[in-house]
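Subject: Structure handover and findings

Hello,

Please find the structure below, with notes on what turned up in it. The notes go element by element and can be read alongside the coordinates.

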Amino acid sequence: MSGKLKIHVDQDKCQGHARCKSLAPELFNLDEFGNAHEVGDGSVPAGLEDKAWLAKANCPEIAIEVTEE
Amino acid sequence: MSDARPIMPEHPPVTDWVHDFDHTDPRWTENPFPIWDELRSASPVVHTDRFLGCYLPTTYEAVREIAHDTEHFSSRRVIVRDVRPETTGVAPPITSDPPEHKPAKQLLLPPFTPDAMKRLEPRVRAICNELIDEFIADGKCDAAARYTKHVPVRAIAHMLGIPEKDSDLFIKWIHEILELGIRDDDALMRAVHEMSGYFAGHIEYRKQHKTDDLISTLMNAKDKTGQPLSDGHVLGSLRLLLIAGIDTTWSAIGASLWHLAKTPADRERLIAEPELMPTAVEELLRAYSPVTMAREVMKETTISGCPVKPGNMVLLSFPAANRDPAVFPDADKVVLDRKENRHAAFGLGIHRCVGSNLARMEMTVALEEWLKRIPEFRLDPAGQVKWSEGTVRGPRQLPVLFGKAG
């Protein structure tokens, strides 16, 4: 088994394309300007790992970091 | 000021695309994809002396570099034209650079979040069905003139709080600004003045009457210092929303229907797998991105190793970036379930399209409602598809027949 995943949205890079929210609504929230933030501390619940990688792979601003703990 | 208001002669046909490209050439209008491939294999950045000097980044990476570089590239002119009159009629935030850009953009963002779009969605669904009701019994229609054009105009009118019946007026102004305006400064200025007069009336009305719409939201917004926006700022933003919100989405919906009309396998798949729609919409946006933006070079720099000099414009082709095979395998194929798709259809960097969530919702709803009511359709062999000229590309005439062939 690999370690747990953690995600983080870099606020300097995010431009509010909202692709992550569309692909992984459980992992991202949008603020009033439509910019994305990871839910909670960014820990990815078991079973949602693929969605975390998918969100990262579709972010046009390369603003999403995914790390394995 | 632009007292001379020149109307430029027709452009000579292009014989050397790499050194003399012209995005108004009829061959570019009809089918730009092989031209972009040729330019991309020549260099990541090419140049033409036309339009008083203009670069075209041809790769995703070169487009990304320029879009992120607000130090060397200004947004004060966002259309590449034959003339470069003094910049008037600004439309913040699209024509703004840092530091003015961010506060102007932040005013516009809250009304366009995905949640806000969900609230608008039922009206857009109703608009689509009202339009389809008008032509479905005919067994055919020009989908560009009867459907794709009207969805975004009516939706944005609804959001702004102006009569949906004024749609034809908006469509006329947009044609004069974005298409005729490339060569005819007079047509452009006339349209801008008419549009400003129209919106000035709506602003005045709201000074006396309370309304719950986007015009009022803008009028009630405060800038960083707590002051209300000037009428000029409100007017500029309204012009922007109308211009940017209509023929762009018109084009995206139209190009998608064009693709589905000639690709029965994709059409059948979308009907069989409706859950594929969000992914498919992103792929259609990638493959047929309508919007090419522009920048003006302010300081000398290099982009992807190519020298770029001030005094030139840049045609910032997000559509060409989205066809770069270095980033998108099978870039020239529409792959409805493409998993990795960092397309730049809505731009990259600080100028990311403020209406991207609106455009996606309109595209999704317009395709869903069309496919529900008209699951079988094809290009009408007796008609001709016509594509718009200029920096927003989409079908302006799209004759289709309903039902199975034969």
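In chain B, strand E5 pairs with strand E8 (residues 313-316) in the antiparallel sense, over four bridges. Within that pairing, Arg295(B) has Val314(B) of E8(B) standing opposite. Please keep in mind throughout that this is a predicted model.

E5(B) also has a connection to strand E3 (residues 73-74) of chain B: two bridges join them, and the strands run antiparallel. Here Phe73(B) has Val297(B) of E5(B) as its bridge partner.

How many of the five residues of E5(B) are buried? The count is five of the five for this strand, which covers residues 293-297, so E5(B) is largely enclosed by the rest of the structure. Its side chains point two ways: Met293(B), Arg295(B) and Val297(B) go one way, Ala294(B) and Glu296(B) go the other, and all are buried. The buried set thus includes Arg295(B) and Glu296(B).

Strand E1 (residues 5-9) of chain A has another pattern. Its side chains alternate, with Leu5(A), Ile7(A) and Val9(A) buried on one face, while Lys6(A) and His8(A) point to the other face and are not buried. The partner of E1(A) is strand E4 (residues 64-68) of chain A, paired in the antiparallel sense over five bridges. In that strand, Glu65(A) is the residue that His8(A) stands opposite.

Back in chain B, there is an open sheet of three strands in the order E4-E12-E9, with antiparallel pairing. E4 (140-142) and E9 (377-379) of chain B are the edge strands; each has a single partner strand, so one side of each is left without a neighbour in the sheet. From one strand to the next the twist averages 25 degrees. The pairing of E9(B) with E12 (residues 399-402) of chain B is antiparallel and has three bridges. Arg378(B) has Leu401(B) of E12(B) as its bridge partner.

On the helices, the packing to look at is H6 (residues 114-135) against H16 (residues 356-373), both of chain B. Two packed helices are described by the angle between their axes and the distance between the axes. For H6(B) and H16(B) the angle is about 35 degrees and the axes are 9 Å apart. The crossing of H6(B) past H16(B) is right-handed. On the H6(B) side, the residues that meet H16(B) include Met117(B), Val124(B), Cys128(B) and Ile132(B); on the H16(B) side, Leu358(B), Met361(B), Val365(B) and Trp370(B) are among them. The residues of this contact divide into 10 nonpolar, two polar and five charged.

Some backbone geometry may be worth a look. Most residues other than glycine have a negative phi, and most peptide bonds are trans. The exceptions noted here are as follows.

- Pro98(B) and Pro99(B) are joined by a cis peptide bond, with omega at about 5 degrees. Pro99(B) is in the loop between E3 and helix H5 (101-108) of chain B.
- Ala18(A) has a positive phi, near 70 degrees. This residue sits in the loop between E1 and helix H1 (19-23) of chain A, and counts as buried because it has 23 C-beta neighbours inside 10 Å, where 20 or more are needed.
- Leu52(B) is not a glycine either, and its phi is positive at about 60 degrees. Leu52(B) lies in the loop between strand E1 (45-48) and strand E2 (54-57) of chain B, and is partly exposed, with 13 other C-beta atoms within 10 Å.

Lastly, the overall figures. Chain B has 16 helices and 12 strands. Its radius of gyration is 21 Å, close to the 22 Å that the globule rule gives for 406 residues, so chain B is as compact as a globular protein of that length. The C-alpha trace of chain B spans about 60 × 60 × 40 Å along its principal axes. Of the 406 residues in chain B, 48% are buried. Among contacts in chain B with a separation of 6 or more, 69% are between residues 24 or more positions apart.

Between the chains, 20 residues of chain B are in contact with 16 residues of chain A. The chain B side of that contact has nine nonpolar, seven polar and four charged residues.

Regards

Definitions and conventions. Residues numbered from 1 in each chain as written. Chains lettered and ligands numbered in written order. Predicted model: local features only at pLDDT ≥ 70, side-chain atom pairs only at ≥ 80, totals over all residues. Pairing = 2+ DSSP bridges. Axes fitted to C-alpha atoms, helices over the stretch in contact; angles between N-to-C directions. Contact = placed C-beta atoms within 7 Å. Nonpolar A, V, L, I, M, F, W, Y, C, P; charged D, E, K, R; others polar. Buried ≥ 20, exposed ≤ 12 C-beta atoms within 10 Å, placed from the backbone. Rg over C-alpha atoms; globule rule 2.2 N^0.38 Å. Left-handed = near helix turned anticlockwise from the far one by under 90°.
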